[in-house]
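This note sets out several points for discussion with a colleague. They are numbered and may be taken in order.

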Amino acid sequence: MTAARDEAEAHVRAAVPDAGPAPADIALLYTWMRTRTEHLAPGRQRARDQVIYRQGLEAAIAVGDTAAVRPHPCPACGCVGLFWQKARQAAVCVNRHCRDQDGLAHAWTLARLAHEHVARTDRLKSAAT
Ligand SMILES: [Zn+2]
């Protein structure tokens, strides 16, 4: 949790050096991140949201909630039902036809899933306005 907290704080300070002290209460950290960076360009806000979302997935995996990756569509084929493969430290596609250049099931990092999730959320927000 300390590494996640340090990363979150460093992410804010890289964009907003005078962001003030990060809250000691970890539950308030992400609110602090959002409020200190809400004025930044959309691309930087997406990067922030990706950090927050990826850390949420990492926390879920760390406590054994590997099903957290399941609702994400595979970035290659769009199938829903990824599963966590501990040995690869990646979310792997269930579609037996979805293979990479080595013939292995496509596998995705949590960072990639977070990137895709935030992009999808942004597209939905844009479509709604
Ligand atoms: Zn796939």
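What is the geometry of the site of the zinc ion, given the angles among its four donor atoms?

1. The site of the zinc ion is tetrahedral, the angles among its four donor atoms being 102 to 115°. The model is a predicted one. The protein donors are the SG atoms of Cys-74, Cys-77, Cys-93 and Cys-98, at 2.3 to 2.4 Å from the ion. Along the chain, these donors follow the spacing C-x2-C-x15-C-x4-C. Cys-74 and Cys-98 link distant parts of the chain, being 24 residues apart: Cys-74 belongs to the loop between α3 and β1 (83-85), and Cys-98 to the loop between β2 (90-92) and β3 (107-108).

2. The accessibility of this pair of donors should be noted. Cys-74 counts as buried because its relative accessibility is 3%, under the 20% cut-off. Cys-98, at 5%, is likewise buried.

3. The strands form an open sheet of three, in the order β1-β2-β3, with antiparallel pairing. Its edge strands are β1 and β3, each of which pairs on one side only. Two bridges support the antiparallel pairing of β2 and β3. Trp-108 in β3 is the bridge partner of Ala-91.

4. Helix α3 covers residues 42-62. Its 21 residues should span 30 Å at 1.5 Å a residue, and the C-alpha atoms at its ends are 30 Å apart, so the expected and modelled values agree. Just after α3, Gly-64 adopts a positive phi of about 90°.

5. Which residues of α3 are buried? They are Gln-45, Arg-48, Asp-49, Val-51, Ile-52, Arg-54, Gln-55, Leu-57, Ala-60 and Ile-61. The cover over these buried residues includes α1 (2-15), α2 (29-37), β1 and α4 (110-128). As a general point, an α-helix has 3.6 residues a turn, so residues three or four places apart point the same way.

6. Arg-48 deserves separate mention as a charged residue of helix α3. Is Arg-48 buried or exposed? Arg-48 is buried, because its relative accessible area is 6%, below the 20% limit. Leaving aside residues up to four places away in sequence, Arg-48 touches His-11, Met-33, Arg-34, Thr-37 and Glu-38.

7. The largest nonpolar core has 14 residues, and those with the most contacts inside it are Val-69, Cys-74, Leu-82, Trp-84, Ala-91, Leu-110 and Leu-113. The elements giving two or more residues to this core are α3 and α4. With three residues, α3 gives the most. A second, separate core has 11 residues, among them Val-16, Ala-19, Leu-29 and Met-33. Cys-74 thus appears both among the residues with the most contacts in the largest core and among the donors of the zinc ion.

8. Contacts of Leu-110 and Ile-61 may be read together. Outside the residues up to four places away in sequence, Leu-110 touches Arg-54, Leu-57, Glu-58, Ile-61, Val-69 and Trp-84. Ile-61, which is found in helix α3, touches Thr-66, Val-69, Trp-84 and Leu-110 with the same exclusion. Ile-61 counts as buried because its relative accessibility is 16%, under the 20% cut-off. Between the C-alpha atoms of Ile-61 and Ala-22, which are 39 residues apart along the chain, the separation is 25 Å.

Methods:
Residues numbered from 1 in each chain as written. Predicted model: local features only at pLDDT ≥ 70, side-chain atom pairs only at ≥ 80, totals over all residues. Heavy atoms only, no water. Helix = DSSP H or I, 4+ residues; strand = E, 2+ residues; numbered from the N terminus. Buried < 20%, exposed > 50% of the residue type's maximum accessible area, 1.4 Å probe, protein only. Contact = heavy atoms within 4.5 Å. Donors = N, O, S within 2.8 Å, 3.2 Å for Na, K, Ca; no water. Tetrahedral: all angles 85-135°; square planar, octahedral: opposite > 155°, others 65-115°. Pairing = 2+ DSSP bridges. Expected span 1.5 Å × (residues − 1). Core = buried A, V, L, I, M, F, W, Y, C linked by side-chain atoms within 4.5 Å.
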